Amino acid sequence: VFELQNLPEPQLKPGQVLIRVKAAGINFADILSRMGMYGGVPKPPFVPGLEVSGVIEDVAAGLPAQATGLAKGVRVAALTKFKGYAELVAVPALQVFPIPGSVSFEDAAAIPVNYLTAYHSMFQMGNLQAGDRILIHAAAGGVGVAAIQLAKARKLVIFGTAGSAKQDYLRSIGVHYPIDYSKEDFVEVVRRV
């Protein structure tokens, strides 16, 4: 269960920025964390939250050269490694990304975990290249939608699994071969195509 608590404000360490949180993402990893089933979870009680968006409140000395565009008042999204369900969070600058004014805080807070999970899996680990084929399970979920968008940008051939009610949605967002896992064997569909 959640419990509201007053904690001391985070103290900045060199290379960190302090973010006033406007929105926090809630994703599957957060749920697993609260159940004690996610790697690296602090011992309870702890402050959950792996991704946030907000406004930079303060910047510590010693920011890495790669951390560009980070200054007081800048709108950002960040990977927090817990502690995101708070008013203020201190985050290493390399985990903080400026966001344009056209993106809401709510939308920005939903980006880091889903999109970095998909990107890392597809392009760092999978080394997918234009024209390659990809099978995305749970394609209508958060990581699935992120994977579809990234796959479209890289010109991949996209297979995606979801239930009957989500087949039209998969087509509308660019899945070339939607697969209804409740009616079809995805292995047979992929082999047939």
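## A tour of two pockets

The lining of the second largest pocket is made up of eleven nonpolar residues, seven polar ones and one charged. That is our starting point in this predicted model, so keep the viewer open and follow along.

**Stop 1: the centre of the second largest pocket.** Select A29, Y38, L50, V113 and T117, the residues that lie nearest its centre among the 19 that line this pocket. The volume here is about 340 Å³.

**Stop 2: the elements around the second largest pocket.** Now colour α1, α3 (112-125) and α4 (142-153), the elements that each give two or more residues to this lining. Which of them provides the largest share of the lining? Pick out α3: five residues of the lining come from this helix.

**Stop 3: the centre of the largest pocket.** Clear the selection and choose L7, F46, V47, Y85 and A86, which lie nearest the centre of the largest pocket. The full lining of the largest pocket counts 36 residues, and the space inside comes to about 1100 Å³.

**Stop 4: the elements around the largest pocket.** Show α1 (28-34) and β4 (88-92), the elements that give two or more residues to the lining of the largest pocket. With five residues, β4 gives the most.

**Stop 5: colour by class.** Finally, colour the lining of the largest pocket by residue class: 22 residues are nonpolar, seven are polar and seven are charged. Before you close the session, select α1 once more: this helix gives two or more residues to the lining of the largest pocket and also two or more to that of the second largest.

Key: Residues numbered from 1 in each chain as written. Predicted model: local features only at pLDDT ≥ 70, side-chain atom pairs only at ≥ 80, totals over all residues. Heavy atoms only, no water. 1 Å grid on protein atoms, 1.4 Å probe; cavity = no way out; pocket = protein on both sides within 12 Å on 5 of 7 lines; lining within 4 Å. Points joined across faces, edges and corners; volume = space filled by probe spheres on them. Helix = DSSP H or I, 4+ residues; strand = E, 2+ residues; numbered from the N terminus. Nonpolar A, V, L, I, M, F, W, Y, C, P; charged D, E, K, R; others polar.
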